[in-house]
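Please open the model in your viewer and keep the sequence beside it. This tour goes from stop to stop, saying what to select and what is there.

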Amino acid sequence: MKYMMFVVTATEPDAESDESDVDLWVDELDASGKRVIGEVLQAPSEARMVRVRDGKRYVTDGPFAETKEWICGFDILEVDSLDEAIDIASRHPMARNGQLELRPFMQWEETERV
């Protein structure tokens, strides 16, 4: 099963500061093959929203929502179950310093080919 794990900042991190090295988490998961890819994202102020309406393109500069929390990175996990994804996410330093959103990839049904 594939999961997108959004790494989200938090306005109220855990009471105990966690200075864990995220590279240790990354190295362990990369070695196990459970982490497909991951990246840190620039601030929402660098984002652009693109939409097309009636054939006209509109581009809006970010940020887009009035919130103190924002997606600061992502990882794609390839795991055997949701429980395994939750276990992996709970070991990420941002589980204590922010929050992690796990979202499964859509499972498309195979169609018969002629």
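A residue is called buried when its relative accessible area is under 20%, exposed when that area is over 50%, and partly exposed in between, with a 1.4 Å probe and protein chains only. By that rule Met94, at 17% relative accessibility, counts as buried.

This is a predicted model, in which local features need pLDDT of at least 70 and side-chain atom pairs count only at pLDDT 80 or more, while totals for chains, interfaces and linings use all residues. Residues are numbered from 1 along each chain as its sequence is written, and side-chain values use heavy atoms, with hydrogens and water left out.

**Stop 1: Met94 and His92**

Select Met94, which is found in helix α3; helices (H or I, at least four residues) and strands (E, at least two) are DSSP runs, numbered from the N terminus. Now add Thr9, which is 85 residues from Met94 in sequence, although the two lie 7.7 Å apart in space, C-alpha to C-alpha. Contact means heavy atoms within 4.5 Å, and, not counting residues up to four places away in sequence, Met94 touches Val7, Val8, Thr9, Cys72, Gln99 and Leu100.

Move next to His92, in the loop between α2 and α3 (94-97). Is His92 buried or exposed? At 4% relative accessibility, His92 counts as buried, and its contacts, again leaving out residues up to four places away in sequence, are Met5, Val7, Val22, Trp25, Asp75 and Leu100.

**Stop 2: the core and strand β5**

Select Met5, Val7, Trp25, Leu77, Val79 and Ile88, which are the residues with the most contacts inside the largest nonpolar core, a set of 13 residues. A nonpolar core is a set of buried Ala, Val, Leu, Ile, Met, Phe, Trp, Tyr and Cys residues joined through side-chain atoms within 4.5 Å. The elements that give two or more residues to this core are β1 (2-9), α1 (22-32), β5 and α2 (82-91). Val7 also touches many residues beyond four places away in sequence, including Trp70, Ile71, Cys72 and Gly73.

Colour β5 by itself: six of its eight residues are buried, so this strand is largely enclosed by the rest of the structure. Two strands pair if DSSP finds at least two bridges between them. With β1, strand β5 pairs in the antiparallel sense over seven bridges, and the bridge partner of Met5 in β5 is Asp75. Strand β2 also runs antiparallel to β5, joined to it by five bridges, and here Arg35 stands opposite Leu77. As you follow a strand, remember that in a regular strand the side chains alternate between the two faces of the sheet.

**Stop 3: charged side chains**

Show the side chains of Arg35 and Asp75, which form a salt bridge with their closest N and O atoms 2.7 Å apart. This pair links distant parts of the chain, since Arg35 is in strand β2 (residues 35-40) and Asp75 is in strand β5 (residues 71-78), 40 residues apart. Both Arg35 and Asp75 are buried. A salt bridge is a side-chain nitrogen of Lys or Arg within 4 Å of a carboxyl oxygen of Asp or Glu, and a search of the whole structure finds eight of them.

Another salt bridge joins Glu101 to Arg103, whose closest N and O atoms are 2.5 Å apart; Glu101 is partly exposed, with a relative accessible area of 32%, and Arg103 is partly exposed as well, at 46%. Salt bridges that share partners join Glu28, Asp87 and Arg91 into one network.

For a charge beside a ring, select Lys2 and Phe105: the charged end of Lys2 sits over the ring of Phe105, 5.8 Å from its centre. A charge sits over a ring if NZ of Lys or CZ of Arg is within 6 Å of the ring centre and within 35 degrees of the ring normal.

**Stop 4: the hairpin of β3 and β4**

Select β3 and β4, which pair in the antiparallel sense over six bridges, with Met49 standing opposite Thr60 in β4. Arg48 forms a salt bridge with Asp61, the closest N and O atoms being 3.1 Å apart, and the pair links strand β3 (residues 48-53) with strand β4 (residues 56-61).

Finish at Asp54, in the loop between these strands. Most residues other than glycine have a negative phi. In this hairpin, which has two residues between the strands, Asp54 takes a positive phi near 50°, and at 86% relative accessibility Asp54 counts as exposed.
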